[in-house]
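Student: I have a structure to look at, and I want to know what the labels rest on. Can we go through them one by one?

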Amino acid sequence: MAEFKLNINSKDYTVDVDPQMPLLWVIRDEIGLKGTKFGCGIAQCGACTIHLDGKATRTCVLPVSAATGKKITTIEGLSNDNEHPVQKAWLKLQVPQCGYCQSGQIMAASALLQSTPQPSEEDVNRAMHNICRCGTYQRIKQAIQEASKEMTAHGQANE
């Protein structure tokens, strides 16, 4: 066991855990933020995606020791009131079906828009490789373009 200081959603936490414990388990079990999901456990599906220093990062295989000193943002920290343009676009276009993968999808999409505010279809295809068992890929792509328009119109660079 070792002590780690983490900044999650702009709040400081100290945890005493195995240095190899995946960050996902620290976020869910030690901190109690349940929005980030466990999917495949091999960093392939993207259900566990968060932002680590603003970059979309899969946490199911990332040891907590690799996250110290970095800014961690989970779906709970994306906005205080679900008013992030990506979240609004997701609701407007009714993207989720079962919803399980959606927090990871939203985190990947918001990281994309942070780095590429007006992504081309190719940019979206390259950045979004999260898996959705319900097959909502077309609506996800539409929601990303919708959020891009809103962010551009309002000059937003959230997060």
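Tutor: Start with a definition: helices and strands are DSSP runs, at least four residues for a helix and at least two for a strand, numbered from the N terminus. With that, Ser10 can be placed in the loop between β1 (2–8) and β2 (11–17). Keep in mind that this is a predicted model.

Student: What makes Ser10 stand out in that loop?

Tutor: Its backbone angle. Ser10 has a positive phi of about 65°, and it is not a glycine.

Student: Why is Ser10 called exposed?

Tutor: Exposed means over 50% relative accessible area. Ser10 has 62%, so it counts as exposed.

Student: Which other residue has a positive phi although it is not a glycine?

Tutor: Gln94, at about 50°. Gln94 comes just after α3, in the loop between α3 and α4.

Student: Is Gln94 buried or exposed, and how do you know?

Tutor: Use the 50% cut-off again. The relative accessibility of Gln94 is 58%, so Gln94 is exposed.

Student: Now strand β1. Why is Leu6 called buried?

Tutor: Leu6 lies in strand β1. Buried means under 20% relative accessible area. Leu6 has 2%, so the label is buried.

Student: What does Leu6 touch?

Tutor: Leave out residues up to four places away in sequence. Leu6 then touches a list of residues, including Tyr13, Val15, Leu23, Val64 and Ile72. Contact means heavy atoms within 4.5 Å.

Student: How far is Leu6 from Pro19?

Tutor: Their C-alpha atoms are separated by 13 Å, and the two residues are 13 apart along the chain.

Student: Next, cysteines. How do you know that Cys40 is in no disulfide?

Tutor: A disulfide needs two cysteine sulfur atoms within 2.5 Å. The structure holds zero disulfides. For Cys40, the nearest cysteine sulfur is that of Cys45, 3.9 Å away. The cut-off is 2.5 Å, so a pair at that distance does not count. Seen from the other side, the nearest cysteine sulfur to Cys45 is that of Cys40, at 3.9 Å, and Cys45 is in no disulfide.

Student: Why is Cys40 called partly exposed, and why is Cys45 called buried?

Tutor: Partly exposed is the range between 20% and 50%. Cys40 is at 31%, so it counts as partly exposed. Cys45 has a relative accessible area of 14%, so it is buried.

Student: Where is Cys101, and what makes it buried?

Tutor: Cys101 lies in the loop between α3 (85–92) and α4 (102–115). Its relative accessible area is 9%, so Cys101 is buried. Cys101 touches Ile131 and Cys132, not counting residues up to four places away in sequence. The C-alpha atoms of Cys101 and Gly39 are separated by 8.0 Å, with their positions 62 residues apart along the chain.

Student: And Gln102: why is it called buried?

Tutor: Gln102 is found in helix α4. At a relative accessible area of 5%, under the 20% limit, Gln102 is buried. Beyond its neighbours within four places in sequence, Gln102 is in contact with Trp90, Val95, Pro96, Cys132 and Thr136.

Student: Which residues of α3 are buried?

Tutor: Pro85, Val86, Gln87, Ala89 and Trp90. These buried residues pack against α2 (75–78), α4 and α6 (137–153).

Student: Step back. How many helices and strands does the protein chain have?

Tutor: Six helices and five strands. Along the sequence the pattern is β-β-α-β-β-β-α-α-α-α-α.

Student: What makes the protein chain as compact as a globular protein of its length?

Tutor: Compare two values. The radius of gyration is 15 Å, and the globule rule gives 15 Å for 159 residues, so the protein chain is as compact as a globular protein of that length. Its C-alpha atoms fill a box of roughly 45 × 30 × 25 Å along the principal axes.

Student: What share of the residues counts as buried?

Tutor: Of the 159 residues, 43%. As for contacts with a separation of 6 or more, 57% are between residues 24 or more positions apart.

Student: How many charged side chains of each sign are there?

Tutor: The protein chain has 16 positive and 16 negative side chains, and the centres of the two sets lie 5 Å apart.

Key:
Residues numbered from 1 in each chain as written. Predicted model: local features only at pLDDT ≥ 70, side-chain atom pairs only at ≥ 80, totals over all residues. Heavy atoms only, no water. Buried < 20%, exposed > 50% of the residue type's maximum accessible area, 1.4 Å probe, protein only. Rg over C-alpha atoms; globule rule 2.2 N^0.38 Å. Lys, Arg positive; Asp, Glu negative; His and termini not counted. Charge placed at Lys NZ, Arg CZ, Asp CG, Glu CD.
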